[in-house]
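Visitor: I am new to this structure and would like a close look at one part of it, taken slowly. Could you begin with the packed interior and then lead me outward to the rings and charges?

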Amino acid sequence: MPFAVTNRRVPRLPCVLLSLALGGFARAEEAPPRALACLSKWYPVEPVKVDGAWHFKLGGATYPWDDGRQKSFEEKLASPDLEDTFSIPYVPGPITPVTRENEDPGRIRFDALFHATYGDTQAHVDVVDIDFLGQKLKVHRKVAPAFARVAKRLDEAVKREPSLRPYLMNLGGTFVWRNIAQTNRQSAHSYGISIDVNVKRSHYWEWAKPKEPVRWANRIPQAIVDAFEAEGFIWGGRWYHYDTMHFEYRPELLDPACR
């Protein structure tokens, strides 16, 4: 049966409301990806559109947010775009064994981001001396306040639990300009944004015999992990390729707005 035709008029949205609605859709379409927009809180990143695709300006250069390539985990480590660095979510909270292969949130790093933020050569990294639980360490000036806040949390934790103190002795690995062992990738320690707690009370997957299959191991207490994560540091104990001594300032991976 054909639809009946009537003279009844369909109500129209007022022009102002219609314009606002259409404007809202336009703004939603123009908004950068959530993680890219959030990055500008922590790094000198400026999202821009280039030929209809999201890019970002950084240190005088422009890069694609997503280079469009399908990559294996190893390829993401070796040649990531910035989107790849968010491809494995970092989940803080209770310590649990990591058993899923290559679940290494934070190991994928976009070097240009760190070069523009912290320095692209050893001479350009602006390090300062800090007192961290009675030990003198060199860290990047920009991250020194975060280290100080962690130290305060840990000092209070040790007063409550003296058994934590041995894990926080013989600290090291803050500012050391170098590549990651057996790679041509820059270590996070090169920028003075990382710290290693007591090696003798830590586990590292490369030290295991045999190394394959990887079997996660850890002795670092929850209270130490909590103190670092509360101030924007990720922990290598959250990695399948575990490095439980290692803490690294990566606030974007702990910021809910960036997920």
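Guide: What follows starts with one helix and its surroundings, then turns to aromatic rings and to charged side chains.

Please keep in mind throughout that this is a predicted model. A good place to begin is helix α6, which covers residues 222-229 and in which Ile 224, Val 225, Ala 227, Phe 228 and Glu 229 are buried. The elements that cover these buried residues of α6 include the strands β4, β6, β7 (233-235) and β8 (246-249), together with the helices α5 and α7 (251-254).

Two of the helix residues reappear in the largest nonpolar core, which has 56 residues and in which Phe 132, Ile 224, Phe 228, Phe 233 and Phe 247 touch the most other members. The largest share of this core, 8 residues, is supplied by α5. To see how one of these members is surrounded, take Phe 247: if its neighbours within four places in sequence are left aside, its contacts include Ile 224, Val 225 and Phe 228, and also Phe 233, Ile 234 and Trp 235. Ile 193, Ser 194, Ile 195, Val 197 and Ile 220 are likewise in contact with Phe 247. Apart from this, there is a second, separate core of 5 residues, among them Val 98, Trp 205, Tyr 240 and Tyr 242.

The aromatic rings give another view of the interior. Pairs of rings join Phe 132, Phe 147, Phe 228, Phe 233, Trp 235, Phe 247 and Tyr 249 into a cluster, and Phe 132, Phe 228, Phe 233 and Phe 247 were already named among the core members that touch the most others. In the structure as a whole there are 17 aromatic pairs. One of them is formed by Tyr 63 and Phe 110, an edge-to-face pair with 5.4 Å from centre to centre and 90° between the planes. This pair links distant parts of the chain, since Tyr 63 belongs to strand β3 (residues 61-64) while Phe 110 lies in the loop between α3 (73-78) and α4 (111-118), 47 residues apart. Tyr 63 is partly exposed, with a relative accessible area of 25%, whereas Phe 110 counts as buried at 10%. Another pair is that of Trp 65 and Phe 86, which is tilted because the ring planes stand at 45°, with the centres 6.1 Å apart. Here too distant parts of the chain are linked, Trp 65 being in the loop between β3 and α3 and Phe 86 in the loop between α3 and α4, 21 residues apart. Both rings belong to buried residues, Trp 65 with a relative accessible area of 7% and Phe 86 with 19%.

A ring can also have a charge above it: the charged end of Arg 201 sits over the ring of Tyr 167, 5.1 Å from the ring centre.

That leads to the charged side chains. Side chains of opposite charge can pair when their charged atoms come close. A search of the whole structure finds 17 salt bridges. In one of them Arg 141 meets Asp 126, with the closest N and O atoms 2.7 Å apart. Arg 141 lies in the loop between β5 (135-140) and α5 (144-160) and Asp 126 in the loop between α4 and β4 (127-132), so this salt bridge ties together parts that are 15 residues apart in sequence. Both partners are partly exposed, Arg 141 at 47% and Asp 126 at 34%. Within helix α5, Asp 155 and Lys 159 form a salt bridge of 3.4 Å, N to O, and because they are 4 residues apart in that helix, about one helical turn separates them. Asp 155 is partly exposed at 32% relative accessibility, while Lys 159 is exposed at 64%. Elsewhere, salt bridges with shared partners join Asp 67, Arg 69, Lys 71, Asp 81 and Asp 84 into one network.

Finally, Arg 185 lies in the loop between α5 and β6 (194-196). Arg 185 is buried yet has no salt bridge, and Glu 74, the nearest side chain of opposite charge, is 5.6 Å away. A salt bridge would need the nitrogen and the carboxyl oxygen to lie within 4 Å. Leaving aside neighbours within four places in sequence, Arg 185 is in contact with Leu 77, Ala 78, Arg 107, Asn 179 and Ile 180.

Conventions: Residues numbered from 1 in each chain as written. Predicted model: local features only at pLDDT ≥ 70, side-chain atom pairs only at ≥ 80, totals over all residues. Heavy atoms only, no water. Phe/Tyr/Trp six-rings, centres within 6.5 Å; stacked < 30°, edge-to-face > 60°. Helix = DSSP H or I, 4+ residues; strand = E, 2+ residues; numbered from the N terminus. Buried < 20%, exposed > 50% of the residue type's maximum accessible area, 1.4 Å probe, protein only. Lys NZ or Arg CZ within 6 Å of the ring centre and 35° of its normal. Core = buried A, V, L, I, M, F, W, Y, C linked by side-chain atoms within 4.5 Å. Contact = heavy atoms within 4.5 Å. Lys, Arg positive; Asp, Glu negative; His and termini not counted.
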